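I opened this notebook to follow a few charged side chains and what they meet. My entries start from the entry shown here.

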Amino acid sequence: MIDPSDITCEFYRASGPGGQNVNKVATAVRLRFDLGKSSLPVDVKARLARLAGKRLTDEGMIIIEAQRFRTQERNLQDALERLEALVRHASVPPKSRRATRPTLASVQRRLQAKKRQSLRKQNRQRFWQE
């Protein structure tokens, strides 16, 4: 589904707590997926661009950063899984909405409720005698 040639990975030092390990080892990964050059169908690309949101750059690259784990391998696997989930979600076409009409019973219930509310408000009015 995803061609590995469309993906590039860059490793860097993760931020946050972690002691000496975080200061010495580049475990975080920045995965770049070139949406423009990918072999995905056009409709999937359009849905993927919409789903990617702020992760999509102006050049058409989807950038996913992963730094939850202590090893490069696990962070790379996490980023790839997140990209695959995004593509899988975009590959499912949305259901088209079919226009429906309300049932006769629901229309009658709505009108009866409106009538009850109208009567309730009418009963609150004062009647002035002159």
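I first fixed my terms: a polar contact is a pair of N or O atoms within 3.5 Å, where within protein one must be able to donate a hydrogen and the other to accept it, and residues adjacent in sequence count only if both atoms are side-chain atoms. The model is predicted, so I noted that local features need pLDDT of at least 70 and side-chain atom pairs pLDDT 80 or more, while totals for chains, interfaces and linings use all residues. Residues are numbered from 1 along each chain as its sequence is written, and side-chain values use heavy atoms, with hydrogens and water left out.

I looked up D34 and found a polar atom of its side chain 3.3 Å from the backbone nitrogen of G36. D34 is buried at 15% relative accessibility (buried is under 20% relative accessible area, exposed over 50%, partly exposed in between, with a 1.4 Å probe and protein chains only).

Next I searched for salt bridges (a side-chain nitrogen of Lys or Arg within 4 Å of a carboxyl oxygen of Asp or Glu), and the whole structure holds 6. D34 pairs with K37, with the closest N and O atoms 4.0 Å apart, and K37 is exposed at 66%.

I then turned to R68, which forms a salt bridge with D78 at 2.6 Å between the closest N and O atoms; R68 is exposed at 60%, whereas D78 is buried at 3%.

Last, I noted that E65 and R30 meet in a salt bridge at 2.8 Å, N to O, and that E10, R30 and E65 are linked in a network of salt bridges.
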